[in-house]
Amino acid sequence: MFRKKRYLLVCQNQRESGHPKGCCADCGSLALRERLKVLVEERGLKGRARVLGSTCLDACENGAVVCVMPDNVWYGGVRAEDAEEIVRSHLERGEAVERLLIPEAPKGLSLM
Ligand code: FES
């Protein structure tokens with residue numbers, strides 16, 4: 001189990017209907033964030049992992065987007081039903097969920 005604290009940035013951005021970029025909120029990111037928060041609590045990870053809502057992370061075509069820091073791991077196409085796999089694999093075992101990785105590093109937020 002990882003001891004280092006992790007921050008899960010979950011894009012909550014909402015754009016007007018029909019916007020060409022789309023948005024993570026329309027991809028279920030609000031429910032995703034809530035599910036992640038519940039799981040972090042249930043799995044006893046509070047204090048070691050924190051789930052934060054963010055504005056647009058500039059990876060809109062991959063919504064819903066989750067960025068895990070300080071690992072600089074970016075997940076895309078994430079749905080609420082994927083939350084448990086992220087928590088168990090990434091947060092508990094330190095193994096990124098390969099199937100959800102955004103293939104190319106987005107031009108958005110990076111603290112590295
Ligand atoms: S709207 Fe979520 S990354 Fe842009």
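Here are some exercises with worked solutions on a predicted model.

**Exercise 1.** Work out the strand order of the open sheet, and say which strands sit at its edges.

*Solution.* Start by walking across the sheet: its four strands come in the order β2-β1-β3-β4, and the pairing is mixed. Next, look for strands that pair on one side only: these are β2 (49-54) and β4 (73-75), so they are the edge strands. Now check the twist: ignoring direction, neighbouring strands here are turned by 20° against each other on average.

**Exercise 2.** Find out how β1 and β3 are joined, and which residue of β3 stands opposite Leu8.

*Solution.* Take β1 (residues 6-11) and β3 (residues 66-69): they run antiparallel, and four bridges join them. Then follow Leu8 across to β3, where you'll meet Val68.

**Exercise 3.** Are α1 and α2 parallel, perpendicular or oblique to each other? Say what their contact is made of, too.

*Solution.* First get the geometry: the axes of α1 (residues 29-42) and α2 (residues 83-93) come within 9 Å and cross at roughly 40°. Angles under 35 degrees would count as roughly parallel, and 65 to 115 as roughly perpendicular. The crossing fits neither, so α1 and α2 are oblique to each other. As for handedness, the crossing is right-handed. Now list who meets whom: α1 brings Leu32, Arg35, Leu36, Leu39 and Val40, while α2 brings Ala83, Glu84 and Val87. Sorted by class, that contact has six nonpolar residues, two charged ones and no polar ones.

**Exercise 4.** Decide whether Asp26, Asp58 and Asn72 are buried, partly exposed or exposed.

*Solution.* You need the cut-offs: 20 or more other C-beta atoms within 10 Å means buried, 12 or fewer means exposed, and in between is partly exposed. Asp26, in the loop between β1 and α1, has 15 such neighbours, so it's partly exposed. Asp58, in the loop between β2 and β3, has 15 as well and is therefore partly exposed. Asn72, in the loop between β3 and β4, has 12, so it counts as exposed.

**Exercise 5.** Hunt for unusual backbone angles: which peptide bonds are cis, and where is phi positive in a residue other than glycine?

*Solution.* Begin with the usual case: most peptide bonds are trans, and most residues other than glycine have a negative phi. Now check omega. The bond from Gly63 to Ala64 is cis, with omega near 0°, and Ala64 lies in the loop between β2 and β3. The bond from Met69 to Pro70 is cis, with omega near 5°, and Pro70 lies in the loop between β3 and β4. Finally, check phi: Asp58 has a positive value near 60°, and Asn72 has a positive value near 60°.

How values were computed: Residues numbered from 1 in each chain as written. Predicted model: local features only at pLDDT ≥ 70, side-chain atom pairs only at ≥ 80, totals over all residues. Pairing = 2+ DSSP bridges. Helix = DSSP H or I, 4+ residues; strand = E, 2+ residues; numbered from the N terminus. Axes fitted to C-alpha atoms, helices over the stretch in contact; angles between N-to-C directions. Parallel < 35°, antiparallel > 145°, perpendicular 65-115°, else oblique. Left-handed = near helix turned anticlockwise from the far one by under 90°. Contact = placed C-beta atoms within 7 Å. Nonpolar A, V, L, I, M, F, W, Y, C, P; charged D, E, K, R; others polar.
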